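Q: I'd like a close look at one part of this model: how its strands are put together into a sheet. After that, please carry on to whatever else is worth a look.

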Amino acid sequence: MSLCGGSGPAAAPRPRPRAAQMARRPELLCGAAIVLGCAFLVALKVTCSRAKDVTMPAKLPVNFFSTRSPVIDLFRGQLDYAEHLRQDSEIVLYFFYAPWCGQSIAAREEIEHVASRLSDQVLFVAVNCWWNQGKCRKQKHFFYFPVIHLYHRSFGPIEYKGPLSAVYIEKFVRRVMTPLLYISSRSKLLDFLSNYEPGVLGYFEFNASPQPPGYLTFFTSALHSLKKDYLGTIRFGVITDKRVAEEISLVHSGSVYLHRHVNTSLIYPNDIMNFTAENICKWALENREMLIRWLRPHGGKSLLLNNELKKGPALLIFIPYNPLAEIHPLLDEITKVALEYHNCNKSQAAEPDLQHLRDSDSPAFDSSVPDAHMKLSETFSITKYPCCNTVVLPQWHSISRTHNVCELCINQTLGVKPNKVHVPHCNFLEIEAALDSFYLQERTFFQVISNTIECSNFLSFYSPFSYYTACCRTVNRHFLSFISSEKTIFQTPKVAFSSHGKKDNTQHSVPHIEDRNWFIPDLHISGTNITGLSCRTNKTLNLYLLDSNLFWIYAERLGASRSNHLKEFAAIVDLKEEVHYVLDQNQSLVGSALENFIKNFSILYSPLKRHLVDDPPLHFHEQRVITEVTTHTFHDTVFLSEKNVLLLYYAQWCGFCASLNHIFIQLARLLPPDNFTVARIDITRNDLPWEFMTDRLPTILFFPHQRKEQSVKFPEDFSVNLPNLLKFILHHSSLSSSEPCTKECLHKEAVLQQGHISHLEREIQKLRSEISALHQAHNQLEAQLSEARREEHRLQQQKHTLEKQHKTLQLHSEQLQATYDQKNQELLEMAEKLQELADASENLLKENTLLRILVASREGKLQSKDETKESLQSEQILSEDNDVSVSTAIATLDEKRIDNIDTVETEHSSGNRTE
């Protein structure tokens with residue numbers, strides 16, 4: 001009894017009223033789960049109702065190179081595998097590309113071509129560095145494509161930044177493969193020293209050891225130079241013979257020698273600097289001598305040309321160049337000119353290579369001597385060349401102390417090759433200017449031809465582009481009276497001059513003041529006059545080379561002929577003076593032509609003429625109202641035309657110039673075409689003589705007929721409109737001439753005025769008809785405008801209505817948003833309550849199970865009590881005396897059982913009431 005009664009309440013916890021209710025009514029749990037699911041679906045639908053951006057995943061990369069290509073294509077960006085391949089190869093070229101990059105696609109064929117030639121010696125690996133899932137994209141951060149890296153064993157990367165051409169890439173790869181040139185004989189040493197590029201030589205004895213001390217350091221320094229200078233301007237060589245090393249004063253093994261053509265060559269200072277690869281490379285780069293440099297613009301936005309041209313006047317030489325060719329005759333000839341030009345002190349260090357060059361080119365040098373003697377044998381006649389004038393000197397002239405007659409010739413074509421000069425036009429004004437300049441200018445005739453003849457060149461005071469030559473001699477007095485006679489032939493010294501007579505097919509040589517060897521046959525000068533010229537003038541030139549196969553577009557912009565099949569061109573660009581000069585393209589680009597070109601630029605009064613860039617002419621089939629003028633047609637259109645010319649200076653980028661087009665079209669239609677020409681010129685694409693240039697756009701110039709030299713500029717403070725332009729033209733075209741007019745002139749003027757009047761009357765009639773048409777169009781436009789205003793008013797009303805509706809909808813939207821937020825909060829709270837109910841239901845199920853077990857145990861106990869009652873009844877017969885007591889005990893047990901059952905029911909009912 002004590003076991004059953006005492007252990008019942010302590011064995012199981014008392015269940016909560018809510019959990020008991022959920023356990024007795026499981027349909028509540030199912031309803032709560034359904035409500036929670038519906039709320040979740042509503043929230044999910046509202047959240048996902050807004051549209052989201054959808055990003056398409058990147059396509060898988062494909063092969064960039066063909067499968068049969070010798071290039072290993074890692075198109076998935078497997079950089080780790082590329083590093084693994086490098087460990088097994090001595091020379092590796094990495095080609096990092098982007099599949100969409102146009103330059104990468106263009107360079108693909110060039111890389112394949114190089115790989116087909118060097119695949120047995122070099123490993124070519126292409127890596128896609130653009131795919132976002134590749135390791136190359138994650139580890140490498142390139143700002144441009146393609147990128148070429150080379151590795152020489154463990155040294156690298158050496159980046160190549162040159163032209164993406166197969167020959168240039170192959171040349172660079174070969175330089176990385178063999179960074180050192182091995183020199184074992186004196187002839188190889190002379191070939192190495194005669195090159196125009198700086199050279200670094202190291203002497204190492206390989207007898208005792210295959211790798212002498214310092215050899216690997218020197219080898220690495222050559223690779224460092226390629227890493228810092230992708231052009232490879234410094235060549236590295238190794239001397240293996242002691243006798244060859246003594247030629248350049250190298251005695252000890254491990255010595256390093258920097259060869260310089262003009263300045264003194266240097267030996268690496270081991271006692272001052274540590275013998276390391278970085279120090280050797282730095283020392284060579286800091287002390288190198290650049291006589292002539294290669295320019296390789298990459299074609300994009302760059303300041304390379306601007307930075308180089310800012311250093312001073314530059315001689316740009318365009319030649320076709322093949323880096324893989326073993327010999328370059330034209331380059332050797334240009335190198336010879338550069339060496340002579342910079343050889344100021346003729347130091348002993350420069351003698352071996354200069355002598356080597358002279359020995360190799362001696363036949364060409366000697367061949368010019370007979371030509372000079374042949375030119376000296378030619379004679380000159382006044383009657384044959386009428387552009388020369390014989391002058392009798394007055395007593396006060398300085399030269400009259402020794403000579404009394406001078407031959408004065410116009411020589412505007414001075415500065416080009418003598419056998420290529422065409423005879424220009426001659427006129428009296430040029431002769432008169434030459435005489436004035438000759439008389440006013442005191443000259444010293446230092447160009448001595450013989451004991452009786454002296455010559456000199458001088459500029460005109462009136463025009464900076466006119467150049468003259470004067471040769472003076474002594475003539476007996478009784479011969480002077482015959483000079484003016486046409487039958488008298490005055491033989492000048494044995495020198496050929498340039499004539500300015502009528503143009504024909506005859507070509508004549510020009511006496512250059514710097515070509516005095518032609519005038520002095522007995523004077524023997526070793527070398528040429530260009531030797532050391534860079535140190536004898538303040539107009540020093542920087543020499544540059546460009547490959548015409550790659551950069552011919554720059555040559556065409558400077559004035560090279562587009563029809564020239566031989567891509568050879570030379571030009572001097574002076575950025576400070578804003579001029580450039582072009583070597584005559586009718587002659588071949590040889591050393592003598594370059595020498596004359598440099599000398600003519602270097603003298604004080606340069607005879608070179610500024611080259612005018614000309615826009616290629618455009619041929620139009622239809623008649624144009626406005627004439628388009630170029631540099632080539634400027635003189636014919638403006639000065640040779642017998643019309644009044646109105647010229648507009650414009651540019652493509654000038655917006656205000658474009659706004660004047662309709663005004664000039666109307667003006668051209670109003671003016672009679674027989675007497676007026678309206679023209680324009682793009683000043684950014686066409687150069688003109690300085691006196692016709694302008695620094696303001698737009699600029700309007702008027703050239704009146706018969707008074708072209710009295711051109712007038714349209715006033716800047718006047719607005720450019722049709723009435724002002726007509727007043728300006730009529731005012732300056734009607735100015736009377738200073739000469740008296742005859743009857744015939746008056747008649748012509750009257751006829752001309754009558755023609756102008758009739759033309760203006762016709763134009764006025766046209767304008768009246770156009771005005772009437774404009775009035776009609778104006779009325780139509782007014783009607784359309786009134787209709788448009790009504791439509792605008794209606795649209796404004798609709799706009800206001802729509803704005804009100806929009807505000808209402810916006811307010812409603814805000815209310816809905818607030819309601820949505822409130823309901824969303826309530827759903828969250830309901831979800832929390834349902835979660836609590838689920839937890840309570842689970843606890844109630846556990847408690848219900850425990851209660852069932854407790855009820856079952858109690859029922860078992862009651863059954864055992866019933867059995868005990870039956871046993872007691874059987875024993876009643878045996879013990880009648882205890883009947884009363886037994887019955888009492890039974891009644892007591894029944895009451896206790898009923899009390900227990902009532903207690904359980906009372907607890908259940910109280911729990912339900914509490915819930």
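A: First, a word on naming: helices (H or I, at least four residues) and strands (E, at least two) are DSSP runs, numbered from the N terminus. This is a predicted model, so local features need pLDDT of at least 70 and side-chain atom pairs count only at pLDDT 80 or more, while totals for chains, interfaces and linings use all residues. Residues are numbered from 1 along each chain as its sequence is written, and side-chain values use heavy atoms, with hydrogens and water left out.

Now the sheet. Five strands make an open sheet, and their order across it is 11-18-12-19-20, with mixed pairing. Two strands count as paired if DSSP finds at least two bridges between them. At the edges stand strand 11 (292–294) and strand 20 (579–582); each has a single partner strand, so one side of each is left without a neighbour in the sheet.

Strand 12 (residues 314–319) is a good place to settle in. On one flank, strand 12 runs parallel to strand 18 (residues 542–547), and 6 bridges hold that pairing. If you want a spot to check on screen, Ile317 has Leu545 of strand 18 as its bridge partner. On the other flank, strand 12 pairs with strand 19 in the antiparallel sense, over 5 bridges. There, look for Leu315, whose bridge partner in strand 19 is Ile572. Moving on toward the edge, strand 19 (residues 569–574) is joined to strand 20 by 4 bridges, and those two run antiparallel. In that pair, Ala571 sits opposite Val582 of strand 20.

How covered is strand 12? Its 6 residues are buried, 6 of 6 (buried means under 20% relative accessible area, exposed over 50%, and partly exposed in between, using a 1.4 Å probe and protein chains only). The side chains split into two sets: Ala314, Leu316 and Phe318 point one way, Leu315, Ile317 and Ile319 point the other way, and all are buried. In a regular strand, side chains alternate between the two faces of the sheet.

Leu315 turns up again when you look at packing. It is listed with Leu93, Phe95, Ile111 and Phe124 as the residues touching the most other members of the largest nonpolar core, which has 75 residues (a nonpolar core is a set of buried Ala, Val, Leu, Ile, Met, Phe, Trp, Tyr and Cys residues joined through side-chain atoms within 4.5 Å). Helix 7 (residues 166–177) gives this core its largest share, 7 residues. For Ile111, leave out the neighbours within four places in sequence, and the contacts (heavy atoms within 4.5 Å) are Phe65, Val71, Leu93, Phe95, Phe124, Ile148 and Ile169. There is also a second, separate core of 23 residues, and its members include Ile626, Ala651, Leu670 and Val678.

On to the cysteines. The model holds 2 disulfides, a disulfide being a pair of cysteine sulfur atoms within 2.5 Å. One links Cys129 to Cys136, with 1.7 Å from S to S. Its S-S torsion is about -80°, so this disulfide is left-handed. Both ends are tucked away: Cys129 is buried at 2% relative accessibility, and Cys136 is buried at 0%. The other pairs Cys654 with Cys657, whose sulfur atoms are 2.3 Å apart. Here the torsion about the S-S bond is about 75°, so the disulfide is right-handed. Cys654 is buried at 8%, and Cys657 is buried at 2%. Two further cysteines to click on are Cys101, buried with a relative accessible area of 8%, and Cys281, buried at 1%.

Finally, some backbone oddities. Most residues other than glycine have a negative phi, and most peptide bonds are trans. A cis peptide bond joins Gly156 and Pro157, with omega about 0°, and Pro157 belongs to strand 5 (residues 155–160). Another cis bond joins Leu697 and Pro698, at an omega of about -5°; Pro698 sits in the loop between strand 23 (676–682) and strand 24 (699–703). As for phi, Ser249 has a positive value near 65°. You'll find Ser249 in the loop between helix 10 (242–246) and strand 9 (255–259), exposed at 55% relative accessible area. Gln706 also has a positive phi, near 65°. Its loop runs between strand 24 and strand 25 (712–713), and at 68% relative accessibility Gln706 counts as exposed.
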